[in-house]
Amino acid sequence: PDRGGKFYYRPKSSGLIVDNGIVFAAGNGGFWEREVGDTVNLAWYNVTIDNPDNASAIRKGIQAAIKRKKNFVKFPSAGNYIVKSSNYWTIPDNYSLAIEGNGATIEVDKAAASKAQETYVMAFKCTETANSTNNKIAIRNLRIKAPGVETKWTETDFRNHKLVMAIETDGVHTVEIKRCRLNDIWGYGIRLKNFVKANIDDVIERNVGGHFPIENEYDSFGDGIWLGHYDVETKRQSRKYSYAKINNCIIQGYPTAKNGNFASRSGITVEGFSSHGKDISMTVDVSNSIIAEYDRNIHVEGIGSKINLKNCKIRNFYGLALVVSSPKTTIAYSNCSASGLLPSNPKQERMALGGAVQFGSDFDLYLTGKSVFTFNGPATFRANFHIDDESVLDFGNSDVFFDHTNLFLKSTGSMINIPRSVKRGFNMYGGSAIFE
């Protein structure tokens, strides 16, 4: 019944192209064209739970909507829709498209995800190379499931990397992702390149992220959410500033206990190129969310950023933040809690060093709003570190090191708790400590 509808006969001279969804061949060389409102139903293209590979049908349906400037695409219903290859669409400027998943699950076939390549599930790129100012992609109520990783991390070389990109946009001005569920994604859950505005709301990621299979290699690929720019942005004057809002989300990497204490890379990454200098910047507001099972909670590289976390819980992590080669960057935790430091692994070089550090950057870290951070292992801080508004840094049973850190402890009720059981306790190498 979903493939039915009202059709109009068009002569051969109309030049329509048969796609067996909206346009069908007529017996006399002409065409039957479906009457279409503003919504393309993927069922028209035989996207079904019984189809052993829906990739081509999904591709054709969404491409038909883009070609005809239709603003909505919907999946037929809830259920598992298997795909065995990548899908990547190009959209024009001055166009918006909303994908309504209806609770459907796109399931990436294991054989497809096991190839040494990047597999794209829902990916969109803007055709405009200068200043696209008025296009939008929205993805709602969609589930994406991939095969995940094997019980052991098996890759031995970057050339063999296998990544699934669940949701990706490149050059799209405005991105909205709501009520989506991403599971067992060995790669990136959400990767947004060269955007201006992004709203990520009520997204649950479980077992999403990269991995650390190579000894002494810290920068393995794959994050919960990646937000960034690259050098093409020097040509896009409207893209000098980006804003992302992440609310009511669960961002969870692979459980370290099941993977030999190896960890997924980053919960949230904000990245650019240091060649941009101070020309571009990004603000990210994260609220009411949980981030867990990542080597570092926040990774910032090559871009000036303001990252504000409010009412968030950080669990089973190794570093609160790693900031590399970036202009002025501020990461502020307000009314947040952090606990559950990951176990040590001699084969994994952890650059975040348990606390929050910077390399060649100007970095301020804030604990405010009665935040409580407890460390269950050694932690190093290398930043301008502000503890304010009745917030607590609890050493747990571990030593904490302040390496060329300017430490500011402000307001009544803010405190650094150092148990008697630790061996060395408070360690400061260079920098200063100001208690007010």
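This is a guided tour of a predicted model, stop by stop.

**Whole chain**

Start with the full protein chain. It holds 2 helices and 36 strands. Of its 436 residues, 56% are buried. Now think about contacts with a separation of 6 or more. In the protein chain, 68% of them join residues 24 or more positions apart.

Colour by pLDDT next. The chain averages 85, and 85% of the residues score at least 70. Then select residues 213-219. Here pLDDT stays under 50. The model still has 21 contacts beyond four places in sequence for this stretch. Where pLDDT is low, the predicted coordinates should not be read in detail.

**Val23 and its surroundings**

Select Val23. This residue is found in strand S2, residues 23-25. Val23 has a relative accessible area of 1%, so it is buried. Show what lies around Val23. Leaving aside neighbours within four places in sequence, its contacts are Leu16, Ile17, Val18, Phe31, Trp32, Glu33 and Arg68.

Draw a distance from Val23 to Ala64. Their C-alpha atoms are separated by 10.0 Å, with these positions 41 residues apart along the chain.

Keep Glu33 and Arg68 on screen and add Arg10. Arg10, Glu33 and Arg68 are linked in a network of salt bridges. Two members of that network, Glu33 and Arg68, are also contacts of Val23.

**The largest nonpolar core**

Which residues touch the most other members of the largest nonpolar core? Select Ile62, Met122, Phe124, Ile331 and Phe381. The core has 104 residues. Its largest share, 7 residues, comes from helix H1, residues 55-67.

Zoom in on Phe124. Set aside residues up to four places away in sequence. Phe124 then touches Ile62, Tyr88, Trp89, Ile91, Leu97, Ile99, Ile137 and Ile139, along with Glu168, Thr169, Asp170 and Val172.

Another core lies apart from the largest one. It has 6 residues, among them Tyr120, Ala123, Met165 and Trp226.

**Aromatic pairs**

Switch to rings. The whole structure has 10 aromatic pairs. Select Phe75 and Tyr81. Their ring centres are 5.8 Å apart and their planes meet at 65 degrees, so this pair is edge-to-face. Phe75 and Tyr81 are both buried.

Now select Phe381 and Phe385. Is this pair stacked or edge-to-face? Phe381 and Phe385 are stacked, at 4.6 Å centre to centre with 20 degrees between the planes. Phe381 counts as buried because its relative accessibility is 1%. Phe385 is buried too, with a relative accessible area of 1%. Add Phe402 to the selection. Phe381, Phe385 and Phe402 form one aromatic cluster. Phe381 has already appeared on this tour, among the residues that touch the most other members of the largest nonpolar core.

One more ring to view: Tyr188. The charged end of Arg191 sits over this ring, 4.8 Å from its centre.

**Salt bridges**

The structure holds 13 salt bridges. Three pairs are worth a click.

Select Asp295 and Arg296. They form a salt bridge, and their closest N and O atoms are 3.1 Å apart. Both Asp295 and Arg296 are buried.

Go on to Lys328 and Asp364. In this salt bridge the closest N and O atoms are 2.3 Å apart. The pair links distant parts of the chain, 36 residues apart. Lys328 is in the loop between strand S25 (313-324) and strand S26 (329-334). Asp364 is in strand S29, residues 363-368. How exposed is each partner? Lys328 is partly exposed, with a relative accessible area of 44%. Asp364 counts as buried, at 6% relative accessibility.

Finish with Asp403 and Arg382. This salt bridge has its closest N and O atoms 3.0 Å apart. Asp403 lies in strand S34 (residues 400-409), while Arg382 lies in the loop between strand S31 (379-381) and strand S32 (384-387), so the pair ties together parts that are 21 residues apart in sequence. Arg382 has 18% relative accessibility. Buried means under 20%, so Arg382 counts as buried.

How values were computed:
Residues are numbered from 1 along each chain as its sequence is written. This is a predicted model: local features need pLDDT of at least 70, side-chain atom pairs count only at pLDDT 80 or more; totals for chains, interfaces and linings use all residues. Side-chain values use heavy atoms; hydrogens and water are left out. Rings of Phe, Tyr and Trp (its six-membered ring) pair if their centres lie within 6.5 Å; planes under 30 degrees apart count as stacked, over 60 as edge-to-face and the rest as tilted. Buried means under 20% relative accessible area, exposed over 50%, partly exposed in between (1.4 Å probe, protein chains only). A charge sits over a ring if NZ of Lys or CZ of Arg is within 6 Å of the ring centre and within 35 degrees of the ring normal. A salt bridge is a side-chain nitrogen of Lys or Arg within 4 Å of a carboxyl oxygen of Asp or Glu. Helices (H or I, at least four residues) and strands (E, at least two) are DSSP runs, numbered from the N terminus. A nonpolar core is a set of buried Ala, Val, Leu, Ile, Met, Phe, Trp, Tyr and Cys residues joined through side-chain atoms within 4.5 Å. Contact means heavy atoms within 4.5 Å. pLDDT is the predictor's confidence in each residue, from 0 to 100.
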